Structure formats: structure tokens, C-alpha cells
Amino acid sequence: MSQSPSTNATPPANVDLLGELRWRGLLNQTTDEEGLEKLLASGMQTIYIGFDPTATSLHVGGMMQLMMLRRFQRAGHRPIALVGGATGMIGDPSGKSEERNLLSAEQLQKNVEGVAAQMRRFLSFDGEDGFEGENGALLLNNFDWMKGYSYLEFLRDVGKNFPVGTMMGKESVRSRLNSEAGLSYTEFSYMLLQAYDFVHLSREHGCRIQGGGSDQWGNITAGIDLGRRMTGEQLFGLTAPLLTTSDGRKMGKTENGAVWLDPERTSPYAFYQYWVNVADDDVMRCIAQLTEIEKDEYDELAERTEKSPGERAAQKRLAQWITTLVHGEEGVESAQRATQILFGGELGNTTDSQLREIFADVPSCNITQDQIDADGLWIVEALQLVKLCSSGGEARRSVKENSIYLNNNRVTDEQKRITASDFDGRSVVVLRRGKRKYALLKLVAGAAN
């Protein structure tokens, strides 16, 4: 089994990068595949991908592009992660049915800082964490070169090189023009800004490759055309498919919303659980596209999934790999402990908040301190309060049948009383009937319910 991921991007020898992208299903479109192959074979190249800071965190869909940059770096090339401090003020219309809300400068700066911090989990930046090498990643913000541009200067230098007919032919523009929401001049101008980023990076950093999701194809080709007109430079573009399920739906959405890379927005446990529960039809594609698991192990996991899908070996390996990369060893260990609790493991030093998250979807009942003081709360009564049993007789029978658990410890005495010691300093206790029927008793101030 291959090792867990590391942010150290020491490149392996003799990597056929485009071949690697092909077998992983990551080479969706290229502007000139043969020319790109020759360019990569000629020596270290610089590639950039832009990330608009629409929130303080990226969600899992952004991992496709971060992993693209990471793969280039591990193959010996230099990645530029471009945070769109300028373009983020407008918002990319590509793939959107209506115009984004414009962000304040203060909120945008918070978003830039949050997104930039997450990128350091994926890439090795020169001089950081002991990494030294000419292919050290750069983290740039396009606001730094756009803030000094006047409107007239931009129209003179950039706008005159942009044929309106070419812009109108882009799918991202056509689809919005034909939609009910339409397309504002502000969003129409977005393509010019992103295209100029490519020109600027080619001039200042020798960047000749732009990557992105398949929805960025129009913006990427616009940048290549602008580069040819302004500098005469031959630039290249490639896209990866969007992260979707087998039936075409975008991945990274749950009933509770998006799956974020920020542990404050999506905890390591919830993040891990998302990947553990990926469908069999999707898991091998996720492993190929989002991890660095090698082909031999990939084939082994594919065979195990086909022969023993209930084992969920591929899902567990996927969850372990990705959670380690995003949240570190401590994050994955915490997530795995929480998962074990869900399947009957000891509570140990699990906190209140962790227990409430693990059992967020199970029935619960509030009780007060008065109910557990003195003689405590009778287990038979507690089982009825949380509706694990419908009557006292059913509760007593369940105890006799050894199917009742308190904090994942079997209850064998039907006279058992739940007292303060069972809470062990927490404000919740976990009740279980059988293998998977859980409920919580929550200690609260005031009246019980």
C-alpha cells in the first residue's frame, strides 16, 4: 500500500505527466496536446490555475485544480496558484445561471487569506517547510498587478486586442446571454481580466501553461489568443473534468450544504464520512482524480470493490488519503475514532461537540440535572424518553436480550440508573438499541422535554 500524502513535492524521476493525467481521466481538453507534450519534455515549465475567492474556504470541487498543480510540481514543474483578488471582485459568469453578489474589499481580503492558507496543504512553496527547489510553488494575487491599472489604460492595452465577435462565440457568454438573467457588462469583462492574467504571468514568470476545470475552456483560450496578439508567445491550455458523480451531478454537496476544506466549516469527521460514503460507481474515479495512489494499488482496490463491495475498501482508502492531505494525520485519526464510536467503539475522551456531531441525525431528548441527581434516571424510563422503546415492557425485554447499550457499554441490569457519573463530565450520553439504533440524552438547564 502506498504511503499517505505529504506536502513535500520532491518530483519522482521520469514521469510521463500527460500519460499520468490520461489514465487518471484528468485530461479533458488541450489546445495543442502534441505541442504541450514537446514543451513539457523540453524542461521545467510553469503552469498556473486561478482560484476566485468567493468564500473563506475552497470546497472539494477545488481539489481537482489543486491536485492538477500538485501533479505538475511532483513531475518537476513550477506551479502558480493564483488567487483572484481582482477577478473575485467581479465573479466569473462561466457555468453560472445568474450574476454573483459583489463582495466588499474587506470580505474579499478575508477570503483571499483563507483560500491561500489551504493551498499550502497541497503545494510546496520555496523556503517553506524545508522545501528548496527551483520548482517551488508561487502564490500570487492578481489584485497586485490590476490595482494600478486605470480603466482607460486597460481598454487601450488589452481591450483593443479583444475581438467582440470572439468573445460572443464563447459558450460561457452565449449561455448567459440566452438566459433569463442575462449578462452584465461587468461579468462580460471578466474574460478580459483572466486573459490578461495569463499574459502578465507569461511576461513576468515565463508561464506558458494555464490549467482549469472544463468550464474554464473559453477563458483559457481567450488568454492564449490575447497572448498571441500582445506578445507573439505560444501559450498552452488544458482542462480537467469537473468533479461529478456517475450520473453527472456535481460532487461535494450534502443535505447540510457544501463540503469545505476548512475544518471550521466541515469538520474532519464529516469530511472523512463524505468520502467513506461515496458510491461504488464513483469511488474509483475519485481515487484516480483526487489522490496519488499508484496504478497497482488502484487496480487492487478496483478488484476488491468489484468482488466485495460491502467491504468498502476503496472508500476507506480514499477517505484516509484525502483527509490526511487536507487535515493532517491528527485530523484523520480523529475522524477514524469518531467513525469507530458510530460503530460501537469506546467513547474515550470524545468531547461533547464531537459526540453531538457524530450523532447529529439521531433522536434526542433533553433532561435536567434534577432528573439525574439522587437516584438517577431509570434506564427503562430513559429508553422510552428517547423513543428507542415504546413501553416499559419492551425496554425491560431489550435489556434482558442484551441489546441495550449506554455509552456503547452493554447494560445488563434492568434496574440500572443513569447518574452524573455516566455523563463523565460531558452533557450528553449515548443510548443504543441493537447494532445501529442510537439516541442521545442531553443534559440542559431548565425544564426537560
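**Reading strands, loops and burial**

Guide: Let's jump straight in: Q210 has a bridge partner in β6, and that partner is G237. Keep in mind as we go that this is a predicted model.

Visitor: What holds strands side by side like that?

Guide: Strands of a sheet pair through backbone hydrogen bonds, either parallel or antiparallel. Here, β5 and strand β6 (residues 236–240) run parallel, joined by 5 bridges.

Visitor: Which other strand is joined to β5, and by how many bridges?

Guide: That would be strand β2 (residues 46–51), which runs parallel to β5 with 3 bridges. To find the spot, look for I47, whose bridge partner in β5 is I209.

Visitor: Is strand β5 mostly covered or mostly open?

Guide: Mostly covered: of the 7 residues in β5 (207–213), 6 are buried. In a regular strand the side chains alternate between the two faces of the sheet.

Visitor: What kind of unit do β5, helix α11 and β6 make?

Guide: They make a β-α-β unit, and it is right-handed. Helix α11 spans residues 217–231.

Visitor: Now for an open sheet. How do I read the strand order?

Guide: Walk across it from one side to the other. In this one you meet β9, then β15, β14, β11 and β12, 5 strands with mixed pairing. The edges are β9 (364–367) and β12 (409–410); each has a single partner strand, so one side of each has no neighbour in the sheet.

Visitor: In which sense do β11 and β12 pair?

Guide: Antiparallel, over 2 bridges, with β11 covering residues 404–406. One place to look is L406, which has N409 of β12 as its bridge partner.

Visitor: What sits in the loop between β11 and β12?

Guide: N408 is found there. Check its backbone: phi is near 65 degrees, a positive value in a residue that isn't glycine.

Visitor: Where else can I see a positive phi in a residue other than glycine?

Guide: Try D424, with phi near 50 degrees. D424 belongs to the loop between α20 (420–423) and β14 (428–433).

Visitor: Are N408 and D424 buried or exposed?

Guide: Compare each value with the cut-offs: under 20% relative accessible area is buried, over 50% is exposed. N408 has 9%, so N408 is buried. D424 has 52%, so D424 counts as exposed.

Visitor: Let me try a glycine. Where is G84?

Guide: G84 is in the loop between β3 (78–83) and α4 (105–119). With a relative accessible area of 2%, G84 is buried.

Visitor: Which residues does G84 touch?

Guide: Leaving out residues up to four places away in sequence, G84 touches F51, D52, P53, N141 and N142. For a longer reach, take G84 and D225: 141 residues apart in sequence, and 21 Å apart C-alpha to C-alpha.

Visitor: Let's zoom out. How many helices and strands does the protein chain have?

Guide: There are 20 helices and 15 strands. Along the principal axes, the C-alpha atoms fill a box of roughly 85 × 45 × 40 Å. Of the 449 residues in the chain, 52% are buried.

Visitor: What about contacts and surface?

Guide: Among contacts with a separation of 6 or more, 74% come from residues 24 or more positions apart. The chain exposes about 21000 Å², with carbon and sulfur atoms supplying 46% of that area.

Visitor: How far apart are the mean positions of the positive and negative charges?

Guide: They are 4 Å apart, taken over 49 positive and 61 negative charges.

Definitions and conventions
Residues numbered from 1 in each chain as written. Predicted model: local features only at pLDDT ≥ 70, side-chain atom pairs only at ≥ 80, totals over all residues. Heavy atoms only, no water. Pairing = 2+ DSSP bridges. Helix = DSSP H or I, 4+ residues; strand = E, 2+ residues; numbered from the N terminus. Buried < 20%, exposed > 50% of the residue type's maximum accessible area, 1.4 Å probe, protein only. Contact = heavy atoms within 4.5 Å. Areas by Shrake-Rupley, 256 points an atom, 1.4 Å probe, with all protein chains shown as cover. Lys, Arg positive; Asp, Glu negative; His and termini not counted. Charge placed at Lys NZ, Arg CZ, Asp CG, Glu CD. Right-handed = clockwise from strand over helix to strand, strands pointing away.
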